[in-house]
Every structure is written in C-alpha cells, then in structure tokens.
Amino acid sequence: IVLLAGDLSYHFPLADVRAVAAHGVIDGAENIAADVAEEIFGWNTEVGVHVLPRSLKRGKLKRSDLVIFGRYDFVDTQFALQPGATKVAAGERKMWTIGASFYLLPNFVLKADRQIVEDASNLTNFGVGWQF
C-alpha cells in the first residue's frame, strides 16, 4: 500500500483553517479480494472560529478557549476499482460536521459535534482529547 497525503493549516488570530487530502494505491488488490479497490481517495476542509471572550480568560480559564467549527469530508474507498468490480454506494461518503471544542487547557479538550452524512445515518459525537 502506498499512501500519499498532504495537509495545510493556517492560524489567524480568531480562526483556524485546515485542509487534508490523501490518495492510496493498493498494489495487488486483486490478490486480496474481488471487491478491494486498487485506489482510495479522500479530502476534507475545516474552519474553526475562536469565540471565548477575552473577559472570561482569567483565573482558572486563563488558558482556555472555545472553538466552533465546521468541516466537510469526502471519502471514496473505491476510487479506482479492479476490472469487473462493481462500485458500492457506501464506498463514497460525503459529510458535514458542525461542533464545538472547549479547550480547558491548550492540551486538554472536550468536544461535541453533529455529523450530517449524505445517504446514511447522522451521528452525534462526544469526545475528550489530550496530549502529554
């Protein structure tokens, strides 16, 4: 498997913009199964706006932040098929995600979002993230 990916990220004083694209080639896909794609492709773009007022960034919230974000994702797990294979509708997904990230600290976040998936069930997600 060869995977090529690129990403861009830019931080404005009150907003963040990100974009990612990836393309994968599965050499020997025909030896795995008849319905395994030879190539996969996907990309997304996201915009986040920092909305926590400066007046609240004091005391225990001095390093906190609240980011409202929106993201669009496109994924095609059957970008290029083997000869004779049939494309399955579920192999291509498009979705919008809207949500909020509350950074209690720069390296600790609480997240909630709603994913609106084209031709599939929508999802509500809650998460916790940290780095150390």
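User: Let's start with one residue: is Asp76 buried or exposed?

Analyst: This is a predicted model, so keep that in mind as we go. To read burial, look at relative accessible area: under 20% counts as buried. Asp76 comes out at 4%, so it's buried.

User: Which residue does Asp76 form a salt bridge with?

Analyst: The general idea is to look for a Lys or Arg side-chain nitrogen within 4 Å of a carboxyl oxygen of Asp or Glu. Here the partner is Lys87, with the closest N and O atoms 3.0 Å apart. Lys87 sits in the loop between strand 4 (65–80) and strand 5 (92–105), while Asp76 is in strand 4, so the pair ties together parts eleven residues apart in sequence. Lys87 itself is partly exposed, at 40% relative accessibility.

User: How many salt bridges are there by this rule?

Analyst: Six. Another one joins the side chains of Lys57 and Asp65, at 3.8 Å from N to O. Check burial for each partner again: Asp65 is buried at 13% relative accessibility, whereas Lys57 is partly exposed at 29%.

User: And what about Lys94 and Glu92, how do their side chains meet?

Analyst: In a salt bridge as well, 3.7 Å from N to O. Both partners fall in the middle band: Lys94 is partly exposed at 24%, and Glu92 is partly exposed at 31%.

User: Which residues are joined into one network?

Analyst: For that, look for salt bridges that share partners. In this model they link Arg18, Glu46, Arg71 and Asp73 into one network.

How values were computed
Residues numbered from 1 in each chain as written. Predicted model: local features only at pLDDT ≥ 70, side-chain atom pairs only at ≥ 80, totals over all residues. Heavy atoms only, no water. Buried < 20%, exposed > 50% of the residue type's maximum accessible area, 1.4 Å probe, protein only. Helix = DSSP H or I, 4+ residues; strand = E, 2+ residues; numbered from the N terminus.
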